[in-house]
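Reader: I would like to learn how to read a ligand site from a set of coordinates. Please take me through one.

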Amino acid sequence: MNTQKTTDQWSSRLMFIIAATGAAVGLGNIWKFPYITGENGGGAFVLVYLGAILALGIPVLIAEVLVGRRGRQSPGHSARTLALEAHANTKWQLVGWLGLCSGFLILSFYSVIAGWAFAYVPKALMGDFDGLTAEQTGAMFGQASCDPLALLGWTTLVIVLTCVVVGKGVKKGLEGTIRVMMPGLYVLLIALAVYACWTGDTRRAIEFLFYPDFSKLSWGGVLIALGHSFFTLSLASGVMITYGAYMPSKVSIVRTSLWIALADTSVALLAGLVIYPIVFAHGLDAGQGPGLIFVTLPVAFGQMPAGSLVAGLFFIMLVFAAFTSTIAMIESVVAWLVQSKGMTRLKACVVSGTVLWVLSLLTVCSFAGVPFTQFDFMFVGKQVHNLFEVIDHLTSDILLPLCGLAMAIFAGWILKREVTSEELNASALTYSIWRFAIRWVTPVAVLAVFLNLTGVLQNN
Ligand code: TRP
């Protein structure tokens, strides 16, 4: 197989951490985490989620960065190279390919939702939320999220901007953008958290987030927390393997992975500290579901002093977070096209951007209510209503755990001990902890997430 090793590299260890954090931090932290925490009763859910990041997320993150850095190619080829090195079946390269495919599919609906965030920036800044009730913000969201032309326009903008950045290359395009957006995101987030805690109901928010009441947590909630630890760290999407391939050789994989997980988790918790004080201060419902930041929060923005500014900053922050994830995903595909198909970066961007745009139409059509995308059937344990829900369920709930499980088995059981310990170059104790986690803890936990599909655990 003809494929070149990459010569691209991040300029420093810090840049790798910032870029990988950018890939991890996204809608999952600011949109999804707060609403699933709200739906699952708060503190106890957060505790399980933190445990899942430690026991599941971090070991797999380490494994993916390891595979990328040792292979120095795109995800499929890196996995193949390592399988060959371990004298194992080259079919193990599927771990990489499957990740790349599911990541790209995730991106097809992720760009549409990122488009919503984009659309809300001008709305917020122009004071469109002023004095609205929850019904009115609900109607506004309902309209914005299913208007075909607007959806198409904003999604196209997200994809074009992503391709422009990726087209410029790792150092100029990716680093240049991420270097501005990530600090920007943190500054906005901290400023908003201070503001929300200053003016909102901080005591209830902290109690809700950090006081564990296990009577409010169901088995279903535990499994959602496990699944989310994968989603939020962008695991099983090819992203971390791709970014690992650009990581300088001397840098410690374990230490950097810990930093990435810490940075990602802190964004999720800070987002909670922005959203809940406002939600509680205005007597809104924390468990209202996916509309939490698009429907509930605007009601509060519309009532507070300087609300349009705060709202504008909030949605700009959301756009930054989403954008650094879309960049990472397109980069993974572009890197593969450049390395193994010999395309120029520009051509690879145009090709992957076009394919992504066509795929994103499936989600756009689903929201716009186009007839062929609407149906109602059971799809692997879940009632789905449109094509978007099929893609979301297929990726987040099926491909992600499957691919994560395969990665854990590959790194823990197939790769030779000498190889992984040489690449990780960690202390004996750290290495043993990782190896135990990846061989035993992760597979068992992922299997539990996966069994969730069949409803085996969900029913009790
Ligand atoms: N980690 C991202 C977030 O929290 C979600 C994500 C996972 C993702 N895999 C991806 C985004 C692949 C784009 C492509 O928002």
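Author: What follows goes through the ligand site and then one proline. The model is predicted.

Reader: Which residues come nearest to the ligand?

Author: A residue counts as near if one of its heavy atoms lies within 4 Å. Here 15 residues surround the ligand, and Ala-24, Gly-28, Tyr-110, Phe-231 and Ser-234 come nearest.

Reader: Which helices supply at least two residues of that shell?

Author: Helix H1 (13-24), helix H2 (27-39), helix H5 (94-125), helix H10 (219-232) and helix H14 (307-341) each do. By character, the shell divides into seven nonpolar residues, eight polar and no charged.

Reader: What polar atoms lie by the nitrogen and oxygen atoms of the ligand?

Author: Look for N or O pairs within 3.5 Å. A polar side-chain atom of Ser-234 is 2.8 Å from a ligand nitrogen, and a polar backbone atom of Phe-231 is 2.8 Å from a nitrogen atom of the ligand. On the oxygen side, a polar side-chain atom of Asn-29 lies 3.3 Å from a ligand oxygen. The protein buries 99% of the 360 Å² that the ligand exposes when taken alone.

Reader: What kind of space does the ligand take?

Author: The ligand takes up the largest cavity.

Reader: Now the proline. Is Pro-59 buried or exposed?

Author: The cut-off for buried is under 20% relative accessible area. Pro-59 has 5%, so Pro-59 is buried. Pro-59 belongs to helix H3 (residues 43-71). Its C-alpha atom is separated by 18 Å from that of Leu-223, and the two residues are 164 residues apart along the chain.

Key. Residues numbered from 1 in each chain as written. Predicted model: local features only at pLDDT ≥ 70, side-chain atom pairs only at ≥ 80, totals over all residues. Heavy atoms only, no water. Polar contact = N/O pair within 3.5 Å; in protein donor to acceptor, adjacent residues only side chain to side chain. Areas by Shrake-Rupley, 256 points an atom, 1.4 Å probe, with all protein chains shown as cover. 1 Å grid on protein atoms, 1.4 Å probe; cavity = no way out; pocket = protein on both sides within 12 Å on 5 of 7 lines; lining within 4 Å. Sits in = over half its atoms within 2 Å of the grid points. Helix = DSSP H or I, 4+ residues; strand = E, 2+ residues; numbered from the N terminus. Nonpolar A, V, L, I, M, F, W, Y, C, P; charged D, E, K, R; others polar. Buried < 20%, exposed > 50% of the residue type's maximum accessible area, 1.4 Å probe, protein only.
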